[in-house]
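This briefing introduces selected features of one protein structure. Please keep the sequence and the structure in view while reading.

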Amino acid sequence: MRNPFEEEQIHDIVREGLAQVLGTPVSEITGDATLVADLGAESLDLVEFRYEMETRLGVALPKSNVLDELATALGGSERLYDERGGITELAAEVLRRSAFGYTEEQVHAGMRPYEVAAAATSAHWASFTHAIFDRLPETCTECGAGETEIAVSGRAVCAGCGAAVEAATGDEVLAEGVRVALKEIENAQPVG
């Protein structure tokens, strides 16, 4: 089934959710404003934001983070952190290839994990949430239709029967993204 949302629609929803949780005007939540440093979000705000997005869109955002998933995929964290506790180039590259869409300026080797978390913006969360909807089933489990639409509730539903569409979970998208990134990085390494 095709993702019924345009990226900008998801970004608007994310910005509205953040505005509601933070008590900030939507106009202040720009794509490059960091949630923590620029908008003053605290950990409880982010939990509330996550709940707001899950409720509004009917999706499950990730409970883990990219670095945790990477440690799982690598069988440990030895290749994730340098001797000072900063992330390695491998970890930074996986973060840049993730569905969050970090750039080299936002995430680089040597950053501490809390700095990576603090670099998150509404655009990163919109990009990731959109990626969840890119992983809808091929057909509706209720009627077999292959098209989706956005219901009055704001959620993705089957265009054929109106049944709620079950997207992949955020943790599934995160894990898949880490596996794909590692494979791409491995394939890009010079042989010899």
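The points below concern salt bridges, surface charge and individual residues. The model is predicted. A search of the whole structure finds nine salt bridges, and three of them are described here.

**Salt bridges**

- Glutamate 16 and arginine 56 form a salt bridge through their side chains, at 3.0 Å from N to O. This pair links distant parts of the chain, since glutamate 16 lies in helix α1 and arginine 56 in helix α2, 40 residues apart.
- Glutamate 16 is partly exposed, with a relative accessible area of 35%, and arginine 56 is partly exposed at 31%.
- Within helix α2, glutamate 54 and arginine 50 are four residues apart and therefore separated by about one helical turn. Their side chains meet in a salt bridge of 3.3 Å, N to O.
- Arginine 97 and glutamate 184 meet in a salt bridge of 2.9 Å, N to O. Here arginine 97 belongs to helix α4 and glutamate 184 to helix α7, 87 residues apart.
- Salt bridges with shared partners join Glu89, Glu93, Arg96, Arg97 and Glu184 into one network.

**Surface charge**

- Glu6, Glu7, Glu8 and Asp134 form a negative surface patch.
- Aspartate 134 lies in the loop between α6 and β1 and is partly exposed, with a relative accessible area of 45%.

**A buried residue**

- Threonine 148, in strand β1, has a relative accessible area of 5% and is therefore buried, the cut-off being under 20%.
- The side chain of threonine 148 reaches the backbone oxygen of arginine 2 at 2.5 Å.

Note on methods:
Residues numbered from 1 in each chain as written. Predicted model: local features only at pLDDT ≥ 70, side-chain atom pairs only at ≥ 80, totals over all residues. Heavy atoms only, no water. Patch = residues over 30% accessible without salt bridge, like charges linked within 9 Å, V, L, I, M, F, W, Y side chains within 5 Å. Areas by Shrake-Rupley, 256 points an atom, 1.4 Å probe, with all protein chains shown as cover. Salt bridge = Lys/Arg side-chain N within 4 Å of Asp/Glu carboxyl O. Lys, Arg positive; Asp, Glu negative; His and termini not counted. Charge placed at Lys NZ, Arg CZ, Asp CG, Glu CD. Helix = DSSP H or I, 4+ residues; strand = E, 2+ residues; numbered from the N terminus. Buried < 20%, exposed > 50% of the residue type's maximum accessible area, 1.4 Å probe, protein only. Polar contact = N/O pair within 3.5 Å; in protein donor to acceptor, adjacent residues only side chain to side chain.
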